[in-house]
Amino acid sequence: MKQLSADKMLNIIEYEKVRSDYRKDIIDYKKHRRIKIGPNLAIVFENERTLSFQIQEIMRAERIVHDEKIQEEIDIYNSIMPPKNGLSATLFIEVTQEDQIKPVLNQFIGLTTGHTIFLDFDGEKVFALFEQGREEEDKISSVHYLQFKLEPSQAEKLADHNSKLKIGIEYNKYSYQIELTNHTKDSLYEDVSDSLSSN
């Protein structure tokens with residue numbers, strides 16, 4: 001299982017030199033890894049590449065140069081890295097109108113408990129596991145981290161262009177399913193291929 005490490009991070013001076021091209025590459029890369037699920041949810045599948053970028057941006061914004069502080073950020077983001085044979089993602093509850101933020105968020109209270117968000121491999125569902133602590137009885141965060149733990153046979157289906165993969169949600173009246181493109185599946189297969197080769 002891949003882990004983020006400090007030796008792969010650029011210091012803030014070196015990062016500034018390459019940031020423009022680096023950002024452009026990541027934005028292009030994430031286009032196939034960001035899926036809109038209905039009007040208010042979007043999911044971005046994360047991996048070493050996307051999370052390294054986030055750490056570099058934090059180091060830049062907060063002028064982090066000390067090794068122990070950099071390691072603290074790496075430790076946080078390693079907890080979000082894809083598990084063995086699995087996928088990781090950030091889920092965003094998106095609201096465009098400021099006066100609708102609380103009403104929209106309130107309709108998703110309870111989302112992180114039970115079986116709500118799933119991947120559907122030709123009718124075989126894998127439900128998301130949510131990071132705990134981002135929801136209380138009367139309020140919910142707009143950002144959530146989740147993982148999908150796959151069987152090796154399901155992970156292999158990511159490379160099969162004849163296999164259909166959907167991502168969906170069934171929560172109260174919010175019900176949507178989106179079929180993922182082969183381009184997206186190929187990108188996600190890269191996240192699990194190292195695990196599969198070590199099985």
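Two strands count as paired if DSSP finds at least two bridges between them. Strands here are DSSP runs of E with at least two residues, helices are runs of H or I with at least four, and both are numbered from the N terminus. With that in hand, you can read an open sheet of 5 strands in the order β1-β2-β3-β9-β6, with antiparallel pairing. The model is predicted, so local features need pLDDT of at least 70 and side-chain atom pairs count only at pLDDT 80 or more, while totals for chains, interfaces and linings use all residues. Residues are numbered from 1 along each chain as its sequence is written, and side-chain values use heavy atoms, leaving out hydrogens and water.

**The sheet of 5 strands**

- The edges of this sheet are β1 and β6 (129–130), each of which pairs on one side only.
- Strand β1 (residues 34–37) runs antiparallel to strand β2 (residues 41–46), and 4 bridges join them.
- One bridge to find on screen links K36 to its partner A42 in β2.
- In a regular strand the side chains alternate between the two faces of the sheet.
- You can follow this in β1: I35 and I37 point to one face and are buried (under 20% relative accessible area, with exposed meaning over 50% and partly exposed in between, using a 1.4 Å probe and protein chains only).
- R34 and K36 point to the other face of β1 and are not buried.
- The hairpin of β1 and β2 has 3 residues between the strands, and G38 there takes a positive phi near 75°.
- At the other edge, β6 pairs with strand β9 (residues 143–149) in the antiparallel sense over 2 bridges, and Q147 in β9 is the bridge partner of L129.

**The sheet of 4 strands**

- Another open sheet has 4 strands in the order β5-β4-β10-β11, again with antiparallel pairing.
- β5 (124–127) and β11 (174–179) stand at its edges with a single partner strand each, so one side of each has no neighbour in the sheet.
- Neighbouring strands of this sheet are turned by 20° against each other on average, with direction ignored.
- Strand β10 (residues 165–171) is mostly covered, as 5 of its 7 residues are buried.
- On one side, β10 pairs with strand β4 (residues 117–121) over 5 bridges in the antiparallel sense, and I169 in β10 is the bridge partner of I117.
- β10 also pairs with β11, over 6 antiparallel bridges; I167 has I178 as its partner in β11, and G168 has Q177.
- The hairpin of β10 and β11 has 2 residues between the strands, and N172 takes a positive phi near 55°.

**Two helices in contact**

- Helix α1 (residues 12–30) and helix α2 (residues 48–62) pack at an angle of about 140°, with their axes 10 Å apart.
- Here axes are lines fitted to C-alpha atoms, for helices over the stretch in contact, and angles run from 0 to 180 degrees between N-to-C directions.
- That angle makes α1 oblique to α2, because angles under 35 degrees count as roughly parallel, over 145 as roughly antiparallel, 65 to 115 as roughly perpendicular and the rest as oblique.
- The residues in contact (heavy atoms within 4.5 Å) include Y15, Y22 and I26 in α1, and F53 and M59 in α2.
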